[in-house]
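Me: I'm learning to read protein models and would love to go through one with you. Could we take the labels one at a time?

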Amino acid sequence: MKRWRAASLAAVAALVLSACGGTGGSSGKSGGDKEELLVWVDNTRTPAAQEYKKAHPDLKIRIVTVPPDAGYVPTKVSLANRTKSGWPDVVFLTNPAEAATLASDKFGYAAPLDDLVPKSVREGFAPGSLDTCTFSGKTYCLRNDIAPTVLWYDASLMKKYGYEVPKTWAEYEQVGLKAAEDHPGTIVGAINGKYGAGTYFGSSGCPTRDTLSLTEVRIDLTQQTCGRVADLLQPMAKAKAVTTVVPTDPAFAKLGKENKILMLPGPAWFGDFMFGPAFKIPKGRIAAAPMPTWPGETKPFAGQVGGGAFLVSAHAGDRTKEAVDLVRWMTTDVALQAKQPTYPAFTAAARKWGEAKAKDPYYASDPMPALTAAANALRPGFGAVRFEADWQASFNDTVGKAADSGGSLRKALTSWQDKLDAAAKTSEYTVG
């Protein structure tokens with residue numbers, strides 16, 4: 001599981017400004033040895049990298065396990081830019097949004113992969129999954145895993161209360177309001193930070209972070225795709241059918257232990273990493289359905305909350321071919337990806353990964369049909385941005401506060417727009 005950890009806008013801005021020394025090219029050294037392939041990965045990816053190293057004894061590879069903390073990789077790359085040495089040839093990002101920083105002209109770290117990875121390979125990834133890596137038509141990373149959202153629900157509680165799994169957001173609202181009235185304390189969703197913004201606003205297609213290029217972003221919360229989310233959540237927030245408690249908070253786990261989580265739209269990794277381990281919901285109860293369909297549409301779209309990505313350094317020079325080969329193997333090898341903990345971005349690997357998931361006794365029914373549908377229905381326009389932390393924080397400061405206080409969510413969108421505009425401009429974007 002990979003979670004997006006918050007980092008302050010000031011810190012990110014400082015990183016960008018300090019990175020002026022790195023403007024791409026292949027000069028300088030990655031590690032201390034010109035022929036050494038330097039690879040930075042998190043703890044989860046380290047065994048796979050070591051497996052690759054063992055299979056290539058002719059290559060000199062140094063693997064460094066780095067923390068998954070937000071801002072860590074950009075900080076270290078910024079320092080390498082200053083000294084013009086020490087760049088990793090390959091880096092794994094637990095927060096794909098940082099690709100927007102590392103690919104920027106001021107950092108000059110990420111190498112475009114379009115001429116290095118065949119189109120046939122890139123087309124093997126889930127539709128839209130590489131959009132996070134793409135700026136002005138150039139692909140700067142390959143996704144390791146993705147986190148499409150589905151409608152998780154407690155099948156036992158739904159049956160006990162006599163509710164049908166909703167297929168539309170209108171039906172979802174009806175069930176949520178009825179459950180809140182008939183079974184006080186029961187919730188059907190969480191709207192804190194990325195869990196609300198990525199799930200509800202992301203699936204609706206509200207342009208809160210639509211990257212047009214590395215320097216231009218579209219933010220327009222006056223769109224109907226934003227207003228309909230506010231209208232959906234308003235009555236449920238008032239009835240306490242949705243909560244602003246973050247799902248990773250112990251207070252949220254208490255809801256699970258007390259059988260108060262009826263439904264929870266959320267990312268694919270919630271299935272394995274939240275309902276059982278965190279919420280303590282026994283096996284045989286949790287199931288997954290596609291996200292509900294928005295008004296006026298015939299197809300359900302998924303939002304995104306998480307995932308990881310691999311980048312190749314523009315400074316790799318003679319090591320570029322080897323670096324690309326490692327990244328390609330790490331992201332597309334079916335046998336390897338089938339063993340990883342979260343939903344693979346590579347479609348063939350996801351199918352293999354899903355074979356075990358379909359038989360997992362924890363679930364009330366096979367979750368793979370819903371997960372597969374979600375992976376193939378990622379809503380476009382959810383880009384990697386350099387103001388990721390403020391995107392989350394500003395949501396809580398505006399929409400979240402309005403939900404808590406009984407204020408107007410429609411009016412809160414105006415405040416969120418202002419904060420997003422300011423954050424984008426501080427991160428040197430033109431807001432379109």
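Reply: Happily! Two strands pair if DSSP finds at least two bridges between them. Keep in mind that this is a predicted model. Here, Val39 of strand 1 stands opposite Val90 in strand 3.

Me: What makes strand 1 and strand 3 a pair?

Reply: Pairing needs at least two bridges, and 2 bridges join strand 1 to strand 3 (residues 90-93), so they qualify. These strands run parallel. Strand 1 also pairs with strand 2 (residues 61-65) in the parallel sense, over 5 bridges, and there Trp40 has Val64 as its bridge partner.

Me: How do you know that strand 1 is largely enclosed?

Reply: In strand 1 (residues 37-41), 5 of the 5 residues are buried, so the rest of the structure largely encloses this strand. Both faces are covered: Leu37, Val39 and Val41 on one side, Leu38 and Trp40 on the other.

Me: Why is Trp152 called buried?

Reply: Buried means under 20% relative accessible area. Trp152 has 1%, so the word fits. Tyr363 has 8%, so Tyr363 is buried too.

Me: Why is the pair of Phe275 and Phe279 called edge-to-face?

Reply: Planes over 60 degrees apart count as edge-to-face. The planes of Phe275 and Phe279 are at 85°, so the name applies. Their ring centres are 5.5 Å apart, within the 6.5 Å limit, so the rings do pair.

Me: What makes Arg379 count as lying over the face of Phe301?

Reply: On distance, the limit is 6 Å from the ring centre, and Arg379 lies at 3.8 Å.

Note on methods
Residues are numbered from 1 along each chain as its sequence is written. This is a predicted model: local features need pLDDT of at least 70, side-chain atom pairs count only at pLDDT 80 or more; totals for chains, interfaces and linings use all residues. Side-chain values use heavy atoms; hydrogens and water are left out. Buried means under 20% relative accessible area, exposed over 50%, partly exposed in between (1.4 Å probe, protein chains only). Helices (H or I, at least four residues) and strands (E, at least two) are DSSP runs, numbered from the N terminus. Rings of Phe, Tyr and Trp (its six-membered ring) pair if their centres lie within 6.5 Å; planes under 30 degrees apart count as stacked, over 60 as edge-to-face and the rest as tilted. A charge sits over a ring if NZ of Lys or CZ of Arg is within 6 Å of the ring centre and within 35 degrees of the ring normal.
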